[in-house]
Amino acid sequence: MRGEAEYRDDGEGLLEKPGDAVLVRRGTLRSVLLRCPDGCGETLVVNLDPRAGKAWKLDMRTGKATLYPSVWRDGGCGSHFIVWRGHVLWCDRFEEGNVEPSYDAAALERRVLEALRRRELRSAEQIAVELDEIPWEVARAGHALARRRLVVCGSGRQRDWFALP
Ligand SMILES: [Zn+2]
């Protein structure tokens with residue numbers, strides 16, 4: 001995160017390297033400018049303002065940016081990635097280069113387990129809001145619990161939805 005700007009044009013000047021980001025704030029948070037992390041040189045504008053259409057959620061805990069949901073470029077380079085505690089994780093390529101951030105997964109798994117209900121699927125996003133946690137981490141916790149058969153998860157569009165068996 002390179003800083004903040006009032007307008008996109010001012011913010012662009014602060015972007016130097018792939019993965020650099022600048023917050024655009026005029027009164028409220030408007031967007032994140034992101035120099036595309038794949039090195040293609042494009043600037044991605046990720047909307048944070050629900051009044052301006054589909055909006056992403058920005059979390060800045062411990063000073064590191066998390067965006068939810070994933071960022072997907074339809075045109076151009078077609079990059080698809082998630083931003084999680086300042087790390088960029090590719091969704092569908094370069095996967096061997098992905099490095100996940102560290103956090104207390106065991107403590108979160110216990111809290112997620114407590115938040116789940118029997119035979120009623122709840123989304124990782126919904127549980128994350130309730131617990132004030134990051135949706136990527138709630139989803140990881142849910143799948144870790146599912147591998148130990150402590151919870152069940154949905155499929156397809158509900159693959160990050162979880163319930164007690
Ligand atoms: Zn790109």
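## A hairpin, two domains and a pocket

Strand 2 and strand 3 form a hairpin with one residue between them, and Gly27 in the turn has a positive phi of about 75 degrees. The model described here is predicted.

The two arms of this hairpin are strand 2 (residues 21-26) and strand 3 (residues 28-35). They pair in the antiparallel sense over six bridges. Within this pairing, Arg25 has Leu29 of strand 3 as its bridge partner. Strand 2 also pairs with strand 1 (residues 3-5), here in the parallel sense and over three bridges. In this second pairing, Glu4 stands opposite Leu23 in strand 2. In a regular strand, the side chains alternate between the two faces of the sheet.

A further sheet is open and consists of three strands in the order 9-11-10, with antiparallel pairing. Its edge strands are strand 9 (122-123) and strand 10 (152-153), each of which pairs on one side only. Strand 9 is joined by two bridges to strand 11 (residues 161-163), and these two strands run antiparallel. Arg122 stands opposite Phe162 in strand 11.

The following table collects strand pairings for which the number of bridges is given.

| Strands | Sense | Bridges |
|---|---|---|
| Strand 1 and strand 2 | parallel | three bridges |
| Strand 2 and strand 3 | antiparallel | six bridges |
| Strand 9 and strand 11 | antiparallel | two bridges |

The backbone has two further features to examine. Most residues other than glycine have a negative phi, and most peptide bonds are trans. Thr62, although it is not a glycine, has a positive phi of about 50 degrees. Thr62 is found in the loop between strand 5 (57-59) and strand 6. Strand 6 (66-72) contains Pro69. A cis peptide bond joins Tyr68 and Pro69, with omega at about 0 degrees.

The chain is assigned two domains, domain 1 (3-97) and domain 2 (105-163). The C-alpha centres of domain 1 and domain 2 lie 26 Å apart. How many residues of domain 1 are in contact with domain 2? There are 13 residues of domain 1 in contact with eight residues of domain 2. The area buried between the two domains is about 960 Å², and carbon and sulfur atoms give 61% of this area. Arg61, Tyr68 and Trp84 supply 61% of the area that domain 1 buries against domain 2, which is more than any other three residues.

Rolling a probe the size of a water molecule over the atoms shows where empty space is left. The largest pocket has a volume of about 810 Å³. It is lined by 26 residues, of which Tyr68, Ser70, Trp136, Arg159 and Asp160 are the closest to its centre. Tyr68 thus appears in three settings: the cis peptide bond with Pro69, the area that domain 1 buries against domain 2, and the lining of the largest pocket.

Which domains contribute to this lining? Domain 1 and domain 2 each give at least three residues to the lining of the largest pocket. Strand 6, strand 7 (80-84), strand 8 (87-90), helix 3 (124-131) and helix 4 (135-147) each supply at least two residues of the lining. The largest share, four residues, comes from helix 4. By class, the lining has eleven nonpolar, six polar and nine charged residues.

Note on methods:
Residues are numbered from 1 along each chain as its sequence is written. This is a predicted model: local features need pLDDT of at least 70, side-chain atom pairs count only at pLDDT 80 or more; totals for chains, interfaces and linings use all residues. Side-chain values use heavy atoms; hydrogens and water are left out. On a 1 Å grid over the protein atoms alone, a cavity is a set of points where a 1.4 Å probe fits but cannot get out, and a pocket is an open set with protein on both sides within 12 Å along at least five of seven lines; lining residues have an atom within 4 Å of a point. Grid points are joined across faces, edges and corners, and a volume is the space filled by probe spheres set on the points. Ala, Val, Leu, Ile, Met, Phe, Trp, Tyr, Cys and Pro count as nonpolar, Asp, Glu, Lys and Arg as charged, and the others, Gly among them, as polar. Domain bounds come from an automatic or database domain assignment. Two strands pair if DSSP finds at least two bridges between them. Contact means heavy atoms within 4.5 Å. Buried area is the accessible area (1.4 Å probe) that two parts lose on being put together, summed over both.
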